[in-house]
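Please find below a short set of comments on the model under discussion. The points concern one strand and its neighbours, followed by the ligand surroundings.

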Amino acid sequence: MAILTPLTGLTLRQIEDSLASSGIDRTYALRVAYWIYRKRVGSFSEMTNIAGGIREKLSESFSSGFLRPAERLESADGSVKYLFDYPGGRKVETVFMPETRRNTVCVSSQSGCTRGCLYCRTGEMGLKGNLTAAEIVNQVLAIPESARLTHVVFMGMGEPLDNLQAVVQAIEILTAEWGLSIAHSRITVSTVGILPAVEQFLAKTRSNLTLSILSPISADRARLVPAERLFPAEKIMSVIRETAPSRRRRISLAYMMLEGINDTDSHLDALIKLISGTTIRVNLLRYHQSGNIMFRQSAPERMNLFRERLLAAGISASVRRSRGEDIGAACGLLGAGEC
Ligand code: SF4
């Protein structure tokens, strides 16, 4: 039996080239991309604006490449966690989060991670492998809620900027008119700060960036986020400051609050100093206890005090609501095999 070439994950140009190499007129690529990316149709026989003979030729050489999730777990708050079983034992988790005005999917960019952040369950796994652009886009296309999605966040398993090429290609497909046509302003990539990948990401995309800061004090941060030793947050902030500000791109800091570790007055003062004079907003996150990781979440009063002091300093700040904690889908809890 002929091996079929999967089309999900290819750019329009790549689909054109693939079709041409199979003797199919490259002008059909736009219609094929429309059915796969916009209509989420995986079967060529359903692509009704393509002539029957061409549909037959397409199905002899190509497949949509959709891979459905292997498992599904639903939270009491309506969030749904999916497990995808990708080749080579690379399991990844994807979380769908419905809200009143938006439906967000949180995608993974790697199976596991090398960065070893102390508060993160994924970091305990080590790296099983990078995902391809196809495997990232598939997480958006192959979940049952796909057609209802309004936002995509790269906050699942893995450090997206350690897999920059695939992430940038996935964003191209998610945002292109011939692709899923999701606005850049509705796509956010979260990083612990990897150089020079931060600069490349800012140059190559118009999507939002979130820096997971954990602590504004370098010695503290280095204990929690080993990447700090190579790429200090101070340096990342300089890169962000030097990048021409764009009204369309949102830069934010994610600050997961750990009792007695990063929620003292001196941390708050240092945080205000780090970002004063910028338009960066701060999202204060609740810590979720898991496995052997022994931190405690900061008291709600302490989180509110941080928020109020940041606001008083002219910095946009909010305390983020946790989603999917009961199914191990909240921040820092993703680790394959929990579905
Ligand atoms: S927080 Fe992100 S970068 Fe750090 S170990 Fe977890 S997945 Fe990797």
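**Notes on strand E10 and the ligand shell**

1. Strand E10, helix H7 (residues 197-204) and strand E11 together form a right-handed β-α-β unit. The model is a predicted one, and the comments that follow should be read accordingly.

2. Within this unit, E10 and E11 (residues 208-212) run parallel and are joined by four bridges. In E11, the residue opposite Thr188 is Asn208.

3. E10 also pairs with strand E9 (residues 151-154), in the parallel sense and over three bridges. Here Thr188 of E10 is the bridge partner of Val153. The connection from E9 to E10 passes through helix H6 (residues 164-175), and this β-α-β crossover is right-handed.

4. Is E10 enclosed or open to the surroundings? Five of the five residues of E10 (residues 187-191) are buried, so the strand is largely enclosed by the rest of the structure.

5. The side chains of E10 deserve a separate remark. In a regular strand, side chains alternate between the two faces of the sheet. Ile187, Val189 and Thr191 point one way from E10, whereas Thr188 and Ser190 point the other way. All of these residues are buried.

6. Which residues surround the ligand? They are Cys113, Arg115, Gly116, Cys117, Cys120, Thr122, Gly123, Met157, Gly158, Glu159 and Val192. By class, this shell comprises five nonpolar, four polar and two charged residues.

Conventions:
Residues are numbered from 1 along each chain as its sequence is written. This is a predicted model: local features need pLDDT of at least 70, side-chain atom pairs count only at pLDDT 80 or more; totals for chains, interfaces and linings use all residues. A residue is near a molecule or strand if its C-beta atom, placed from the backbone, lies within 6 Å of it. Ala, Val, Leu, Ile, Met, Phe, Trp, Tyr, Cys and Pro count as nonpolar, Asp, Glu, Lys and Arg as charged, and the others, Gly among them, as polar. A residue is buried if 20 or more other C-beta atoms lie within 10 Å of its own, exposed if 12 or fewer, and partly exposed in between; C-beta atoms are placed from the backbone. Helices (H or I, at least four residues) and strands (E, at least two) are DSSP runs, numbered from the N terminus. Two strands pair if DSSP finds at least two bridges between them. A crossover is right-handed if, with the strands pointing away from the viewer, the path from the first strand over the helix to the second runs clockwise.
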